[in-house]
Amino acid sequence: MAPLFLILVSLPLLTSSGEDPRPLRREVYGGGRIIDVTHRVSPESLVWGNGGAGLGQYLRLRRSIKNGNNTNSSVMNLSVHTGTHVDAPGHFIDRFFDAGFDVDSLDLDVLIGPGLLVDVPRDKNIAAEVMESLKIPKGIKRVLFRTSNTDRGLMYKKEEDTSFVGFSSDGAKWLVENTDIKLVGIDYLSVAAYDDLDSAHIEFLKNGEIIPLEGLKLDNVKAGLYYVNCLPMRLYGAEGSPVRCVLIP
Ligand SMILES: [Zn+2]
C-alpha cells in the first residue's frame, strides 16, 4: 500500500519533467511585453535607518494549514516606504498629512501613462544644470531617472548608503518650474539627495501635484519611451505605499 499511496499523493505535485514544482520568478513577462521595475519585497530588503538588518520577517502566518486551519493566512508588518514605493504629500508636509493628502488621494492619471526612462550623468546629484542638460521635452509627464545608484546596485544592499545620488533642491525646483513632469521616478529609496533630503522632497511635494516614485529597479532596461503603470495600495491615511510598477515598451 505504501508505494501506491506515495504515488497518489505526489502525482499532482510533479511537473512533467519529474522535478519538484518551483514557481517561475520573472523580471519580464510576455516575451518582453511587460517589464517589471519593482524590487521584490523580502526579509533581505533594504530598510532605511535600521543598521543594515534588512526588513526581516515581515510576514507572520496567523492561520496555517499545518496548525489545522483550512487556509494559510498571513499578516504583514512593514513601512509604507519599503522597496519600490510612492510618497504622498503628507510624507514631508504635516498640514497636508492632517488634511488627508494620503496615497488614496494620489492621481492615477499621473501614475499611469506614457513616460520616459532617462540616464542621468553619473555620480553627481540631479542639480538644475543636470536637469537642463537632459532636455526633457515639454508635455512629458512621467520620467524615471536612472543614476549611478543602479550601476552600484544600491537597492540590493541590506545596508543603507548615504552616498546615493538624487535631486538637489535646485534640481527639484528646476523640474517644478520648467517641466510638465508630475511623476518623478528614481532608483533609490529617496528622490532627494542625502544632503537635501527635506528641501528637495518639499520642492516636489509642496504643490500636492508631483508624485515621487522611489526605489525603482531599472537594471537592464533600455532608456526610452514606455507606458508606465505604477499602482500603490489604496491605503486611507497612509503617506506612502509600496507599488507594483511595470513598463510596457
Ligand atoms: Zn518615500
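In this predicted model, both His 81 and Asp 87 are buried. These two residues also take part in holding a zinc ion, which is coordinated by His 81 through ND1, His 85 through NE2, Asp 87 through OD and Glu 214 through OE, at 2.0 to 2.6 Å. Along the chain, the donors of the zinc ion follow the spacing H-x3-H-x1-D-x126-E. The angles among the 4 donor atoms run from 73 to 160°, and the site of the zinc ion is irregular. It does not count as tetrahedral, because that would need all angles to lie between 85 and 135 degrees.

From the metal site we can turn to helix α6, which spans residues 169–178 and in which Gly 171, Ala 172 and Leu 175 are buried. These residues cover an arc of only 100° around the axis, which puts them on the same side of α6. The partners against which the buried residues of α6 pack are α4 (128–134), β7 (142–146), β8 (183–186) and α7 (197–205).

The helix α4 also leads us to two loop residues whose backbone angles deserve a look. Most residues other than glycine have a negative phi. Asp 123, however, has a phi near 60°, a positive value in a residue other than glycine, and Asp 123 lies in the loop between β6 (112–119) and α4. With a relative accessible area of 58%, Asp 123 is exposed. Lys 135, which is not a glycine either, has a positive phi of about 50°, and its place is in the loop between α4 and β7. Lys 135 counts as exposed, at 66% relative accessibility.

Methods:
Residues numbered from 1 in each chain as written. Predicted model: local features only at pLDDT ≥ 70, side-chain atom pairs only at ≥ 80, totals over all residues. Heavy atoms only, no water. Donors = N, O, S within 2.8 Å, 3.2 Å for Na, K, Ca; no water. Tetrahedral: all angles 85-135°; square planar, octahedral: opposite > 155°, others 65-115°. Buried < 20%, exposed > 50% of the residue type's maximum accessible area, 1.4 Å probe, protein only. Helix = DSSP H or I, 4+ residues; strand = E, 2+ residues; numbered from the N terminus. Arc of directions from axis to C-beta. Contact = heavy atoms within 4.5 Å.
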